[in-house]
Amino acid sequence: MKHRIVISCRTKESFRKIPVMMHLKKCIEATLSAERVSVPCEINVMVTDDKTIQALNRAARGIDLPTDVLSFPAFSFEPGKLPADLSPYLDPETGLLPLGDMAISYERAEEQAKEFGHSTKRELGYLTIHSVLHLLGYDHVDEGPMKKQMRGREDAICAMIDLQR
């Protein structure tokens with residue numbers, strides 16, 4: 001299936017360290033496949049720095065701190081249960097399902113990778129999978145069943161593409 005995944009990068013260092021664009025696309029495509037998304041999708045990704053993601057976090061959530069990833073879903077789907085008929089959600093001009101946007105702080109990913117004892121590539125992959133799941137309706141607003149469901153999907157998808165810790 002041909003998805004439109006648009007990745008912009010505001011930090012040149014990220015492209016020198018690992019092939020970020022191809023890795024993020026692989027993680028997005030694996031997540032869409034694992035979640036059985038049956039139509040071509042469009043997702044926009046911005047890889048940025050802490051300063052920019054802090055400004056986005058302040059504007060979107062009223063939290064004046066940097067964060068690792070922000071997700072901006074286009075629709076409110078039920079986690080793990082996309083509608084059988086996605087045609088009402090498709091962009092009439094492109095025929096694509098516009099799932100939404102995400103922003104990832106490369107600086108935060110590097111820091112968290114060191115903290116958790118794994119590679120920056122693994123951390124960027126995990127954050128990307130996490131964000132796509134948010135675009136598909138998953139959330140972790142509490143420590144209960146929703147968080148457990150989301151973590152289970154993250155772990156399964158990471159294992160599919162060999163991104164274990």
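Six helices and four strands make up the secondary structure of this protein, and the model you're looking at is a predicted one. Reading from the N terminus, the order of elements is β-α-α-β-α-β-β-α-α-α. Below is a quick tour, going from the whole chain down to a handful of residues.

**Overall size and packing**

- The radius of gyration comes out at 15 Å, and that agrees with the value near 15 Å for a compact globule of 165 residues.
- If you need box dimensions, the C-alpha trace covers about 40 × 35 × 35 Å along its principal axes.
- Of the 165 residues, 44% are buried.
- Take the contacts with a separation of 6 or more: 71% of them join residues 24 or more positions apart.

**Surface and charge**

- The protein exposes about 8800 Å², with carbon and sulfur atoms supplying 51% of that area.
- On the charge side, there are 22 positive and 24 negative charges. The mean positions of the two sets sit 4 Å apart.

**H3, ahead of the first strand**

- H3 belongs to the segment that comes before β1, a strand covering 4–9.
- Is H3 buried or exposed? Its relative accessible area is 12%, under the 20% cut-off, so H3 counts as buried.
- The H3 side chain gets to within 2.8 Å of a backbone atom, namely the nitrogen of C41.
- Once neighbours within four places in sequence are set aside, the contacts of H3 are E29, L32, V39, P40 and C41.
- To place one of those partners, β2 spans 41–48, and C41 is the residue whose backbone nitrogen the H3 side chain reaches.

**C9, in strand β1**

- C9 has its place in strand β1, which runs over 4–9.
- With a relative accessible area of 26%, C9 falls between the 20% and 50% cut-offs, so it is partly exposed.
- C9 and T48 are 39 residues apart along the chain, yet their C-alpha atoms are separated by 6.0 Å.

**Two non-glycine residues with positive phi**

- R36 isn't a glycine, but its phi is positive, near 55°.
- Where does R36 lie? You'll find R36 in the loop between α2 (20–34) and β2 (41–48).
- R36 has a relative accessible area of 72%, which is over 50%, so this arginine is classed as exposed.
- D162 is the other case to look at: its phi is positive too, about 60°, and it is not a glycine either.
- D162 comes in the segment after α6, the helix covering 145–160.
- D162 is also exposed, because its relative accessible area of 61% is over the 50% cut-off.

**M146, in helix α6**

- M146 is part of helix α6, which spans 145–160.
- At 35% relative accessibility, M146 is neither under 20% nor over 50%, so it goes down as partly exposed.
- Which residues does M146 touch, not counting those up to four places away in sequence? They are D139 and V141.
- Along the chain, M146 and P79 are 67 residues apart, while the separation of their C-alpha atoms is 8.8 Å.

Methods:
Residues are numbered from 1 along each chain as its sequence is written. This is a predicted model: local features need pLDDT of at least 70, side-chain atom pairs count only at pLDDT 80 or more; totals for chains, interfaces and linings use all residues. Side-chain values use heavy atoms; hydrogens and water are left out. Buried means under 20% relative accessible area, exposed over 50%, partly exposed in between (1.4 Å probe, protein chains only). A polar contact is a pair of N or O atoms within 3.5 Å; within protein, one must be able to donate a hydrogen and the other to accept it, and residues adjacent in sequence count only if both atoms are side-chain atoms. Contact means heavy atoms within 4.5 Å. The radius of gyration is taken over C-alpha atoms; the globule rule is 2.2 Å times the number of residues to the power 0.38. Accessible areas come from the Shrake-Rupley method with a 1.4 Å probe; for residues, only the protein chains shown count as cover. Lys and Arg count as positive and Asp and Glu as negative; His and the chain ends are not counted. The place of a charge is taken as NZ of Lys, CZ of Arg, CG of Asp or CD of Glu.
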